[in-house]
Amino acid sequence: MKKVSIIIPIYNTSEFLSDCLDSVVNQTYKNIEILLINDGSTDQSQEIMKEFSDKDERIHSIHLSENKGVGYSRNLGIKNATGDYVYFLDSDDFLSLDAIQLLVENIGDNNMISGQQRKIKTKEDSKNIELEIELVEITNLNRHFRNCSILHRLISTEFVNKNHLRFSEKVECYSELPFITQMVQRMESTSYVRSCYYFKRLRNDPISNPAIMQRENEKILMDFLSIFNDLKEEYKNNDRAITYLDELFLNFYRKNIVMLFSKRDIINNYFNEVAISAEKVDQSKWKRLNMVVRNEFKFLLKRKQDQFSKLMSFHHFARNIKRAIGSKRKIYIQLYRTLFMKLPLKERTIVFESFLGKNYSDSPKYIYEYMLQNNMNYKYVWIFNKKGRDIQGNAKQVKRFSLSYYYYLATSKYWVSNSRLPLHLNKRPGNIYLQTWHGTPLKKLVFDMNDIYSANPNYKKHFYQQSRRWDYLISPNQYSSEIFRRAFKFEKTMLEFGYPRNDILYQKNNEAYIRSLKGKLNIPLDKKVILYAPTWRDDEFYEPGKYKFNLKLDLQKLKEQLGNEYVVALRMHYFIADDIETSGLEGFAYNFSKYDDIAELYLISDILITDYSSVFFDYANLKRPILFFTYDLEKYRDTLRGFYINIENEVPGPLLRTSDEVIDAIANIDKVNDQYREIYDQFYLRFCDWDNGEASKKVVEKIFHE
């Protein structure tokens, strides 16, 4: 039985390393040696390596005192390999358990065989895969190696050493290109095993812990050009290698360089370097491309940077127009970027938006109404999904994603929003963006999260890009300030005044106002109100921004046992797309999910039931009872999100798993109050201490100078 040397460079991948090593030590093919190259890791990777090596004598660990790069580590692995074959695995990826066996069984007399790579977001994505094994003969090696990856390829050690196949130690990105180029010129064909899986993890945090190919685009460009130039010189007399390298450059030009050169300052910085490499490409290759790219190459080769820049601008303009054809929104985006953003900035115009245009509510509403009440000399614009909303004042209402939406966002000096504005909205110099946010965090946020289970696999990257536009961020308490700075990577001005949306809980918490609200909402004045306000689940969605919700609280049973004294007000999270069924519960269950202002629902309610929503932090300002219906606690805490506080010991109310437990707690609410009084008092001091009814005033005085 032939031996396989599995070479795994490791650098700060403790978050993923156990999954990787589990998949290796449990391979069905047992005659393997596992070479772990710790490339100067500063996280917990070394401890995980030791944990596995203590249990498996096939593991050999090499520890480097400083980071030398993946090329150096792989070369060191080759030097120490004793197997008949070498196999390279990245430490954030993992294998199907029969991967090595399938490769060994099918390699035959070939010097190399490849398997199928599958890109995944989380380990769960590796399930339910196609298992029909098929061996495919590959003769077009240029296309086979177009991805410039050495991963999931079983290679003869004798072939590697005989041809001195090695990785570049000069660059971080594309360090495998010398190894692959040598293989392309030495091999006539190879084989590929379909359904022999290598799971390539798409890292969800390219900001804090990027994979090599998630580095800055400029870094990727310079590394590619450097290694390309070296190889073109080395193989200048080898037609097969030259053809492969030229095709690789043209592919890189179309996919990377063109996109990077959308900005003139980037062209200024890298024009000469790209031109030097373009000169090395066989003219017959680039002359086959479309007319625009051919002319770009001509200007590159003649070093006519100004003409090249103008043509590249046209390239992107034409590309964007082509993409916009047939889409009204994309046409509006083009107008936003090319026309509206060049118009004068309106110094005294403020754009407000709450919950993606769904509501007239939350902190943007209370900031706006404070400014109205104090007759401040500004023009106000409100963004809604539907115009004609009943709001105070005479603010102009514009429909979200309409032409007016883009016009006012491009020309208004101030943006005020409680959630993220779309990624495609460029922020111009002079614009001030006040991000009010929308809650004290219980659930882990953005860069404090590990795996991402939401509908958007680029959540962290997009959040980072969107939040770079924030100039001010409102914080409700010291606890939140510390989390926001870390989890949002926010380094600008934090406004530590409490939430404007909570001002009403201090200013209007009186019997007359509450009775008027109940009348407005058609709530019986002789009944107490239970507010049920759950959050959404990251892994239950239809599409980004539209989440499912399966109501677990038995409203019929609540009605039967509590209906004489209570009614229930339902308020779903604004992400939840499902309509909640309340037929048969008329006069008991009232669905206020589309009601604008949840703060008004707080005021009319006597008890709050929630789960992991941040609503209880705000509701605690009223010092009224809070119950936690946490039927899926373990899944939500341990898999989906994780919590910042110990929910079992620190929240100001009981955790309840069933509808019967909820009913019993409500029936004995005075006893619950007594039991949690001390915890509630401590909770109030920690999370509600900044709120006093004056947050709107303080924010306005800070941002909107008269």
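Author: Contact means heavy atoms within 4.5 Å. The model is predicted, so local features need pLDDT of at least 70 and side-chain atom pairs count only at pLDDT 80 or more, while totals for chains, interfaces and linings use all residues. Residues are numbered from 1 along each chain as its sequence is written, and side-chain values use heavy atoms, with hydrogens and water left out.

Reader: Which residues does asparagine 692 touch, not counting residues up to four places away in sequence?

Author: Asparagine 692 lies in the loop that joins α27 (669–687) to α28 (695–703); helices (H or I, at least four residues) and strands (E, at least two) are DSSP runs, numbered from the N terminus. Once residues up to four places away in sequence are set aside, asparagine 692 touches Tyr506 and Lys698.

Reader: How far apart are the C-alpha atoms of asparagine 692 and aspartate 19?

Author: Along the chain, asparagine 692 and aspartate 19 are 673 residues apart. In space, their C-alpha atoms are separated by 49 Å.

Reader: Is threonine 436 buried or exposed?

Author: Threonine 436 sits in the loop between β14 (432–435) and α17 (459–467). Beyond its neighbours within four places in sequence, its contacts include Asp362, Pro364, Val416, Asn418 and Tyr499. Buried means under 20% relative accessible area, exposed over 50%, and partly exposed in between (1.4 Å probe, protein chains only). Because its relative accessibility is 0%, threonine 436 counts as buried.

Reader: What class of accessibility does isoleucine 325 have?

Author: The loop between α13 (305–324) and α14 (328–338) holds isoleucine 325. Because its relative accessibility is 64%, isoleucine 325 counts as exposed.

Reader: Why does cysteine 20 form no bond with the closest cysteine sulfur?

Author: The structure holds zero disulfides, a disulfide being a pair of cysteine sulfur atoms within 2.5 Å. Cysteine 20 is buried, at 0% relative accessibility. The closest cysteine sulfur belongs to cysteine 196, and it is too far for a bond because the separation is 15 Å.

Reader: Against which helices do the buried residues of α8 pack?

Author: Helix α8 covers residues 217–234, 18 in number. From first C-alpha to last it reaches 26 Å, close to the 26 Å expected at 1.5 Å a residue, where the expected span is 1.5 Å times one less than the number of residues. Among its buried residues are Ile220, Leu221, Phe224, Phe228 and Leu231. The buried residues of α8 pack against α7 (177–186), α9 (239–260) and α10 (264–278).
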